[in-house]
Amino acid sequence: MAYGKDEFIVDCRKAMKTLDGDKARKSICTSMEKLLKNKTFIAENLGPDKEEGRHTVYRCEETGFNLLFHIFDSANGAPPHDHGTSWAVYGQAVGHTDMTEWVYDELDKNLVVSKEYRLKPGKAGIFPPNAIHSIQYTAGARFVRVTGVDLETVSRRVFDATTHEMRTQNSNGAGFTVER
Ligand SMILES: [Fe+2]
């Protein structure tokens, strides 16, 4: 039987229950790349006819991880941000996403690029807790994402790539607190 969404969810739950931090994320990343090989899964869940937006398709009541499908019709991106104490594994299904990883110097309040690469279809990337990245994706891009918890429940940092101003998005979703 093809490796689909249900098999992937089972493996994510197993990784969360039996492995720690980095090892769990690495396992989920490997499973994600296995899932992205399934053309039927992509056609049925991430095809050109699917509704644009960010769709949370599964939330594990037992371990807390979330599975999301991101459907984009137009090219766009997101400024440097982290996922707070949570983490994310991004898997590219269609199109590509240019990833930029950043390091924030708390003392100088300076944001510096540490790594740049293109996430191509079939590939997945790991972003550990507090890791900062920005993304730029193509028109028609689709990606699958697993987060450690529902990101709406954690406080996250968002940066202006030019001014390096840092804002904190409150976990209650009440908006941003400007830190600088
Ligand atoms: Fe992100």
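**Val-89, helix H2 and the nonpolar core**

Val-89 lies in strand S4, and it makes a handy way into this predicted model. The residue counts as buried because it has 26 C-beta neighbours inside 10 Å, where 20 or more would do. Leaving aside residues up to four places away in sequence, Val-89 touches Arg-25, Ile-28, Cys-29 and Met-32, and also Ala-124, Ile-126, Arg-145 and Val-146. Pro-128 sits 39 residues from Val-89 along the chain, yet the two C-alpha atoms are separated by 8.4 Å.

Zooming out, the largest nonpolar core has 28 residues, and Val-89 is among those that touch the most other members, together with Cys-12, Ile-28, Met-32, Tyr-90, Val-144 and Val-146. Two helices, H1 (5-18) and H2 (21-35), each give two or more residues to this core, and so do strands S2 (66-71), S4 (88-94), S7 (124-127), S8 (132-137) and S9 (142-147). Apart from this core lies another one, made of five residues, including Trp-102, Leu-111, Ile-132 and Met-166.

Met-32 is worth a look too. Again not counting residues up to four places away in sequence, Met-32 is in touch with Val-89 and Gly-91, with Ala-124, and with Val-144 and Val-146.

Now for helix H2 itself. H2 has 15 residues, which at 1.5 Å a residue should span 21 Å, and the C-alpha atoms at its ends are indeed 21 Å apart, so expectation and model agree. Its buried residues are Ala-24, Arg-25, Ile-28, Ser-31, Met-32 and Leu-35. Looking down the helix axis, these buried residues fall within an arc of 125°, so they line one face of H2. Asp-22 and Lys-23, on the other side of H2, are exposed. As for what covers the buried residues of H2, the list includes H1, helix H3 (39-46), and strands S4, S7 and S9.

Further along the chain comes a hairpin. Strand S10 (residues 156-159) pairs with strand S11 (residues 166-169) in the antiparallel sense, over four bridges. Within that pairing, Arg-156 stands opposite Gln-169 of S11. Six residues lie between the two strands of the hairpin, and His-164 takes a positive phi near 70°.

Key: Residues are numbered from 1 along each chain as its sequence is written. This is a predicted model: local features need pLDDT of at least 70, side-chain atom pairs count only at pLDDT 80 or more; totals for chains, interfaces and linings use all residues. A nonpolar core is a set of buried Ala, Val, Leu, Ile, Met, Phe, Trp, Tyr and Cys residues joined through C-beta atoms within 7 Å. A residue is buried if 20 or more other C-beta atoms lie within 10 Å of its own, exposed if 12 or fewer, and partly exposed in between; C-beta atoms are placed from the backbone. Two residues are in contact if their C-beta atoms, placed from the backbone, lie within 7 Å. The expected span of a helix is 1.5 Å times one less than its number of residues. The arc is that of the directions from the helix axis to the C-beta atoms. Two strands pair if DSSP finds at least two bridges between them.
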